[in-house]
Amino acid sequence: MANDIGWLGLAASLVLVAVAVALSFWQRLSLERSIVWATARALVQLLLVGVALEFVLDEPLAWSWAWVLAMVLFAADTVRRRAPEVPGVFQLSLMAFAAAGVTTLLVLFGLQIFPLEPKTLIPLAGMTVGNSMTATVVVARRVLDELRDKRDEVEARLALGIAAPVAAKPYVRAALRTALVPQIETTKAVGLVFLPGAITGLILAGTPPLAAVKVQAAVMYLVLGAAATTTAVIALGVQRRLFSADHRLTVPPRVSA
């Protein structure tokens, strides 16, 4: 295939990694080992995924759904490891990714934007989970930090008889904005400032540019919708876990270093 770079081309691309290592060494950043490890790990992971996909894409659709479930579980565990201080974050992440998956995939396949088959289900589900994971971590941490840092303000609101969800609303809203603004800005800049991976890959694979643009636009809307869904579920879930049944704030104070 003309668009297959081959093993020799893949090896040649490691010159760019050597450039990053050289710059790190030159500037004494002490990142050389991290760069080499990240490069090797990424290559091994991608090769394993590629081999697995060769098998899964030729199997019945049930195998693809099993792959999607594994992605959701792994993503939720990743959020748990990145935000361990947030109570119940693993369960909340599972619910958030499940809600985003149901919403976005139902739209994409239910409205027949894409055909429901292994070669579309796995990549689109991966986009849904992968691109909303960072926003999920950010909003979980921000809700906790906002309510912890503004504890006196929240408790003053509660003392006035304001219900916990209403008392926490300004701080939850601030956390949601913090998590979603980067994705919104990325969506606004797509095409003019940078070409995302989907359109780049399609063009390199020989797809006509206009057809690639339409796919990329649908993917960007998918990512934005998924991020909005996951962050909303996480923010409201964390908020509920930080208040008792009698509307008392139970978030622990920040531990001094």
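Select helix 6 (residues 118-149) and helix 8 (residues 164-189) in this predicted model. Their axes come within 8 Å and cross at roughly 150°. An angle over 145 degrees counts as roughly antiparallel, and helix 6 and helix 8 are therefore roughly antiparallel to each other. The crossing of this pair is right-handed.

Now show the side chains where the two helices meet. On helix 6, pick Asn-131, Ala-135, Val-138, Val-139, Arg-142, Val-143, Glu-146 and Leu-147. On helix 8, pick Ala-168, Tyr-171, Ala-174, Ala-175, Leu-176, Thr-178, Ala-179 and Gln-183. Colour them by class: this contact holds 11 nonpolar, three polar and two charged residues.

**One residue of helix 6**

Keep Leu-147 selected; it lies in helix 6. Is Leu-147 buried or exposed? Its relative accessibility is 0%, so Leu-147 counts as buried. Next, show what surrounds it. Leaving aside residues up to four places away in sequence, Leu-147 touches Val-154, Ala-168, Tyr-171, Leu-242, Phe-243, Leu-249 and Val-251. Two of these names, Ala-168 and Tyr-171, were already picked on helix 8. For a distance across the model, draw a line from the C-alpha atom of Leu-147 to that of Ile-199. The two residues are 52 residues apart along the chain, and the line should read 40 Å.

**Helix 5 and helix 6**

Hide helix 8 and select helix 5 (residues 89-110) beside helix 6. The axes of helix 5 and helix 6 come within 10 Å and cross at roughly 140°. That makes helix 5 oblique to helix 6. Helix 5 passes helix 6 in a right-handed crossing.

Which residues of helix 5 make the contact? Select Val-89, Ser-93, Phe-97, Ala-100, Gly-101, Thr-104, Leu-105, Leu-108 and Phe-109. On the side of helix 6, the contact is made by Thr-120, Leu-121, Leu-124, Ala-125, Thr-128, Val-129, Ser-132, Met-133, Thr-136 and Ala-140. By class, the contact of helix 5 with helix 6 divides into 12 nonpolar, seven polar and no charged residues. For the contact of helix 6 with helix 8, the charged count was two.

**Helix 3 and helix 4**

Move to helix 3 (32-56) and helix 4 (residues 61-82). The axes of this pair come within 10 Å and cross at roughly 145°. Show Val-49, Ala-52, Leu-53, Phe-55 and Val-56 in helix 3, which meet Trp-63, Ser-64 and Trp-67 in helix 4. The contact has seven nonpolar residues, one polar residue and no charged residues.

In general, two packed helices are described by the angle between their axes and the distance between the axes.

**The loop before helix 3**

Step back to the loop between helix 2 (14-26) and helix 3. Select Arg-28, which sits in this loop. Arg-28 is not a glycine, yet it has a positive phi of about 55°. With a relative accessible area of 76%, Arg-28 is exposed.

Then select Ser-30, found in the loop between helix 2 and helix 3 as well. Ser-30 also has a positive phi, of about 60°, although it is not a glycine. Ser-30 counts as exposed, at 62% relative accessibility.

Just before the loop, look at Ala-22 in helix 2. Ala-22 is partly exposed, because its relative accessibility is 42%. Draw a line between the C-alpha atoms of Ala-22 and Glu-32: these residues are 10 residues apart along the chain, and the atoms are separated by 7.9 Å.

**The whole chain**

Finally, show everything as a cartoon. How many helices and strands does the chain have? The secondary structure comes to 10 helices and zero strands. The C-alpha trace spans about 70 × 55 × 35 Å along its principal axes.

Switch to a surface view. The accessible surface comes to about 15,500 Å², and 69% of that belongs to carbon and sulfur atoms. Of the 257 residues in the chain, 32% are buried; Leu-147, visited earlier, counts as buried. To end, turn on the contacts between residues with a separation of 6 or more: residues 24 or more positions apart account for 69% of them.

Terms used:
Residues numbered from 1 in each chain as written. Predicted model: local features only at pLDDT ≥ 70, side-chain atom pairs only at ≥ 80, totals over all residues. Heavy atoms only, no water. Axes fitted to C-alpha atoms, helices over the stretch in contact; angles between N-to-C directions. Helix = DSSP H or I, 4+ residues; strand = E, 2+ residues; numbered from the N terminus. Parallel < 35°, antiparallel > 145°, perpendicular 65-115°, else oblique. Left-handed = near helix turned anticlockwise from the far one by under 90°. Contact = heavy atoms within 4.5 Å. Nonpolar A, V, L, I, M, F, W, Y, C, P; charged D, E, K, R; others polar. Buried < 20%, exposed > 50% of the residue type's maximum accessible area, 1.4 Å probe, protein only. Areas by Shrake-Rupley, 256 points an atom, 1.4 Å probe, with all protein chains shown as cover.
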